[in-house]
Amino acid sequence: MCGAKSKIIIAYTGPLVDDGTMDVQELGPALMALSSLVNEANKVLNNDKSTIAVKVNADFRKGSFEIQLELIRTLAAQLQSLFTPNVTIDQLIAYLGLAGSVQSLAGGPNLIDVIKWAKNRDITKATKHKNGTVTLESESDHITVKAEVVNIYQSVPVRESFDKLVEPTRRTGINAFQVRTDKDKTVVQSIGKEEARSFEFDSNKIENAKEQVEITESDEWVNILTVNFEDLKWRFMSDENKYYAKMDDEDFLKQIDSGKQSFTKGDMLKIRRERTQIRKADGTIKNEYRVIKVLEVQKRAKEIDLPFEEGE
């Protein structure tokens with residue numbers, strides 16, 4: 001099937017790797033980042049769950065550390081995409097800027113070009129055109145690229161993976177990351193130390209990746225596990241869910257202070273609980289709880305009720 005297999009050649013150059021060797025602590029994460037980069041871009045452009053296998057063809061040559069890689073879309077993934085429009089592997093690596101040819105299938109600037117262009121520029125406007133391109137504008141300049149390139153430019157996982165791929169160039173002795181042609185090893189893309197700064201990416205700093213906060217309220221019955229009167233963080237259990245919540249019902253706390261309310265093991269509370277869910281840019285989710293109001297207290301039963309009737 002067309003586009004089911006492709007080859008890319010990347011290289012790291014500099015005195016630290018000129019003998020054709022490279023520290024595995026640098027190489028390993030970089031190759032993992034490349035695999036992640038290709039597969040994350042595939043998710044964006046093909047909107048499916050197929051995977052692309054990245055295999056290393058060990059042909060390391062002196063004068064730099066050059067790696068030949070084969071990208072293969074599995075047969076199952078090919079069958080999955082038979083009846084839906086999809087981007088081939090050749091097109092995919094062209095959009096990323098990893099294609100080993102001077103005339104790119106990207107049909108214009110690729111992701112590497114856009115990241116380099118965006119250095120020290122704030123994109124103030126993005127205009128979609130009917131021909132499938134998008135014009136990105138800064139205050140002093142603009143660039144027009146295919147919509148596919150913009151889509152992967154916007155992807156946080158893609159940008160994070162590219163950052164890790166060029167990270168070795170930030171080490172002393174490694175001067176550049178390169179993409180080369182298969183036949184004569186012509187360099188078609190090069191990212192030097194200064195340009196590598198453009199690829200540095202922190203998802204927590206981008207405007208649309210700020211923490212998202214959602215606050216909800218609910219009433220529920222809970223068992224009391226532990227009570228803390230210093231920081232007011234009480235531990236509750238609802239069904240199988242155990243959590244800490246701040247006790248913010250001042251009236252209820254006053255009843256405890258005055259001796260009007262006490263607890264024993266097995267007592268239950270009906271509470272109005274507030275949950276604050278914080279979704280961070282790195283994909284982590286944090287829940288914080290507080291008790292707004294204690295609605296009811298149910299004491300643990302001390303004896304079993306029986307249906308007694310008065311007898312003669």
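In which sense do strand β10 (residues 233-238) and β11 pair, and over how many bridges? They pair in the antiparallel sense, over six bridges. Let's see where that pair sits.

## About the model

This is a predicted model, in which local features need pLDDT of at least 70, side-chain atom pairs count only at pLDDT 80 or more, and totals for chains, interfaces and linings use all residues. Residues are numbered from 1 along each chain as its sequence is written, and side-chain values use heavy atoms, with hydrogens and water left out.

Helices (H or I, at least four residues) and strands (E, at least two) are DSSP runs, numbered from the N terminus. Two strands pair if DSSP finds at least two bridges between them.

## The barrel

Five strands close into a barrel, and following them round gives the order β9-β10-β11-β13-β12, with mixed pairing. On average, neighbouring strands here are turned by 50° against each other, direction ignored.

Now back to our opening pair. β10 and β11 form a hairpin with two residues between them, and D239 in the turn has a positive phi of about 55°. F236 stands opposite Y243 in β11. On to other pairs: β11 and β13 run parallel and are joined by two bridges, and K246 has R290 in β13 as its bridge partner. Strand β9 (residues 212-226) runs antiparallel to β12, with twelve bridges joining them; I215 has T276 in β12 as its bridge partner.

## A pocket lined by barrel strands

The second largest pocket holds about 150 Å³ of space. A pocket is found on a 1 Å grid over the protein atoms alone, with a 1.4 Å probe: it is an open set of points with protein on both sides within 12 Å along at least five of seven lines, and lining residues have an atom within 4 Å of a point. The volume is the space filled by probe spheres set on the points.

β11 (241-247), β12 (268-279) and β13 (285-298) each supply at least two residues of this lining. Among the lining residues are Y243, K246, T276 and R290, which you have already met as bridge partners. The lining divides into four nonpolar, two polar and five charged residues. Here Ala, Val, Leu, Ile, Met, Phe, Trp, Tyr, Cys and Pro count as nonpolar, Asp, Glu, Lys and Arg as charged, and the others, Gly among them, as polar.

## An open sheet and a helix across it

Three strands form an open sheet in the order β4-β5-β6, with antiparallel pairing. The edge strands, each pairing on one side only, are β4 (125-128) and β6 (142-146). Four bridges join β4 to strand β5 (residues 133-137), and A126 stands opposite L136 in β5.

Helix α5 (residues 147-154) lies across β5 and β6, running at about 105° to β6.

## Two packed helices

Helix α1 (residues 24-46) and helix α3 (residues 89-96) pack at an angle of about 105°, with their axes 10 Å apart. That makes α1 roughly perpendicular to α3 (angles of 65 to 115 degrees count as roughly perpendicular). Axes are lines fitted to C-alpha atoms, for helices over the stretch in contact, and angles run from 0 to 180 degrees between N-to-C directions.

On the α1 side, L37, V38, A41, N42 and L45 meet L92, Y95 and L96 in α3; contact means heavy atoms within 4.5 Å. These residues divide into seven nonpolar, one polar and no charged.

How values were computed. Angles under 35 degrees count as roughly parallel, over 145 as roughly antiparallel, 65 to 115 as roughly perpendicular and the rest as oblique.
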